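Grab a pencil and work through these exercises with the model open beside you. Each one sets a task and then walks through a solution.

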Amino acid sequence: MSYPLTAAQSLRGDVTVPGDKSISHRAVMFGALADADTHITGFLMGEDCLSTISCFKKMGVSIDVSEKEVVVHGVGLHGLKAPDELLYTGNSGTTTRLLCGILAGQPFSSTVNGDASIQKRPMGRIMKPLREMGADISGKDGNLCPLTIHPAPLHGIHYTMPVASAQLKSAILLAGLFADSPTTVVEPAPSRDHTERMLRGLGAQVVSNGTEITLTPPKALHAVNVEVPGDISSAAYFLVAGLILPDSDIVIRNVGINPTRTGILDALEAMGANIERLNERGTVEPICDLRVRSSHLHGTPICGDMIPRLIDEIPVLAVAAAFAEGETVIRDAQELKVKESNRIATMTAELSKTGADVRETEDGMIIRGDKPLHGANFASYADHRVAMSMAVCALACEGDSSIDDPDCVAISYPTFFETLDALKQKGE
Ligand SMILES: O=C(O)C1=C[C@@H](OP(=O)(O)O)[C@@H](O)[C@H](O)C1
Ligand SMILES: C=C(OP(=O)(O)O)C(=O)O
């Protein structure tokens, strides 16, 4: 199916983006392992988080889903039951990798698999440290899904991670919950720290100095309710749209601004963006409202420790760069090649269709911006972030565009197209 995308003059109004995907996954997983009920508000009803719910239901966890809230009836650290069938993780790397950390410590066998994209994504990165802990985990061709896990006693390890990945870090720490001694992970650069914050909130001892994190196995996790903030990764589409279209002014309410996630704000500000943080609040996770107004953007280098802090926003940042004056060089972003699609290749291909000057490099892209771009028929590659990024790009292109296979946006933002349309000025 091809979905029409039209250009827009400007975007104005208020938006509330859906709940943070990373925190929604973790709220269900940690709630399942907790000693009482967890009430989750603001939960992201995206397909990825629904895959997490489905996997835990298959392990005997009762989870009530209503419009108002999700209630996870925790079974305790040692209360999961052997599933009768394969645990299907859909399109979700977060579900697949974090779940394996938990499964490594269970007294039952299990098999995990996901869709065609998940079956291509590297799992060796979690298998290696989990095996060092004693886990019995094997995969297709050594490092791919389906993964099979058998019961084995786990020991704490000290592990230096080869990549800054919150999924890898979390898989190790979650296995560490079931180990007989503390586990330490060392990251090359800080990645999102929702796991550490939330486990601490549940009473576990997690000590962190930024890149070295040590978890002491707890006796129990004590349930706490979770208010999920809006996802800054979803807010990013409106930030970029508001910046590149003239006369735009958008307020995005209730956005999570955990410092390990705000690389997108830093990068856009370095490009000259006018973004205000209003009403800063929040405890476990900091939150604010973001006001964005049209700005004249210029290119900037995007590399180093900033990359893990904006990894999922690079596709839409590439769109911003295509409308910015001068050159934007994105480096150190080779992790983009192992996401839902190879996002370096797919974003280079799709942006090039508009006439943009984009070059793919080994670990990123070089984009020379600020020339008029034209509409085109885009492919999503079944990658939600590519689909939403190209929809933002189409707003500022001359002429109409369309996108094939747009339904993938439901992975992280089911109402994306409706919300974007509602911001367009009437009469357009
Ligand atoms: O831990 C998480 O919730 C996530 C970590 C990131 O992946 P990596 O850990 O593979 O970088 C990110 O791309 C993904 O969308 C969500
Ligand atoms: C990479 C992503 O998610 P996951 O790894 O959970 O599939 C994403 O949402 O951009």
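**Exercise 1. Find which residues of α4 meet which residues of α5, and describe how the two helices pack.**

Step 1: Keep in mind that you're looking at a predicted model. Find α4 at residues 124-132 and α5 at residues 166-176.

Step 2: Pick out the residues in the contact. From α4 come Arg 125, Ile 126, Pro 129 and Leu 130. They meet Leu 168, Ala 171, Ile 172 and Ala 175 of α5.

Step 3: Sort those residues by character. You should get seven nonpolar, no polar and one charged.

Step 4: Look at the spacing of the numbers. An α-helix has 3.6 residues a turn, so residues three or four places apart point the same way.

Step 5: Now for the geometry. The two helices pack at an angle of about 30 degrees, and their axes are 10 Å apart. Angles under 35 degrees count as roughly parallel, so α4 is roughly parallel to α5. As for handedness, α4 passes α5 in a right-handed crossing.

**Exercise 2. Work out how many residues of α5 are buried, and what they pack against.**

Step 1: Go along the helix and count. Eleven of the eleven residues are buried, so α5 is largely enclosed by the rest of the structure.

Step 2: Check the kinds of residue. Among the buried ones are Leu 173 and Leu 174, but also Lys 169 and Ser 170.

Step 3: Look for the partners. The buried residues of α5 pack against the helices α3 (93-103), α4 and α6, and against the strands β10 (158-160), β11 (183-186) and β13 (212-216).

Step 4: Set α2 (residues 47-57) beside that. Eight of its eleven residues are buried, so this helix is mostly covered. The buried set includes Asp 48, Cys 49 and Phe 56, and its packing partners are α1, β4 (62-65), β6 (87-88) and α3.

**Exercise 3. Say where the annotated "active site" residue sits, and whether it is buried or exposed.**

Step 1: Start with the record. An unreviewed UniProt entry puts "active site" on Asp 312.

Step 2: Place Asp 312 in the fold. You'll find Asp 312 in the loop between β18 (301-302) and α9 (314-322).

Step 3: Count neighbours. A residue needs 20 or more other C-beta atoms within 10 Å to be buried. Asp 312 has 24, so it counts as buried.

Step 4: Skip the neighbours within four places in sequence and see what's left. Asp 312 is in contact with Ser 233 and Arg 385.

**Exercise 4. List the positions annotated as "binding site", then describe Lys 21 and Gln 167.**

Step 1: The unreviewed UniProt entry gives Lys 21, Gly 93, Arg 121, Gln 167, Arg 343 and Arg 385.

Step 2: Take Lys 21, which is in helix α1 (residues 21-33). Lys 21 is buried because 24 other C-beta atoms lie within 10 Å. Leaving out residues up to four places away in sequence, Lys 21 touches Leu 44, Gly 46, Asp 48, Cys 49, Asp 231, Ser 233 and Ser 412.

Step 3: Now Gln 167, which belongs to helix α5. Gln 167 is buried too, with 25 other C-beta atoms within 10 Å. With the same sort of sequence neighbours left out, Gln 167 touches Gly 93, Thr 94, Arg 97 and Leu 98.

Step 4: Join up the lists. Ser 233 is touched by Lys 21, and Ser 233 is also in contact with Asp 312. Gly 93, touched by Gln 167, is itself one of the "binding site" positions.

**Exercise 5. Track down some backbone oddities: what is the peptide bond from Cys 145 to Pro 146, and where do Tyr 381 and Asp 405 sit?**

Step 1: The bond from Cys 145 to Pro 146 is cis, with omega near 0 degrees. Pro 146 lies in strand β9 (residues 144-150).

Step 2: Tyr 381 isn't a glycine, yet its phi is positive, at about 55 degrees. Tyr 381 sits in the loop between β22 (377-379) and α11 (384-395), and with 22 other C-beta atoms within 10 Å it is buried.

Step 3: Asp 405 also has a positive phi, near 55 degrees. Its place is the loop between β23 (401-404) and α12 (416-423). Asp 405 has 17 other C-beta atoms within 10 Å, so it is partly exposed.

Key: Residues numbered from 1 in each chain as written. Chains lettered and ligands numbered in written order. Predicted model: local features only at pLDDT ≥ 70, side-chain atom pairs only at ≥ 80, totals over all residues. UniProt positions renumbered as here; feature names shortened; annotations may be inferred. Helix = DSSP H or I, 4+ residues; strand = E, 2+ residues; numbered from the N terminus. Buried ≥ 20, exposed ≤ 12 C-beta atoms within 10 Å, placed from the backbone. Contact = placed C-beta atoms within 7 Å. Axes fitted to C-alpha atoms, helices over the stretch in contact; angles between N-to-C directions. Parallel < 35°, antiparallel > 145°, perpendicular 65-115°, else oblique. Left-handed = near helix turned anticlockwise from the far one by under 90°. Nonpolar A, V, L, I, M, F, W, Y, C, P; charged D, E, K, R; others polar.
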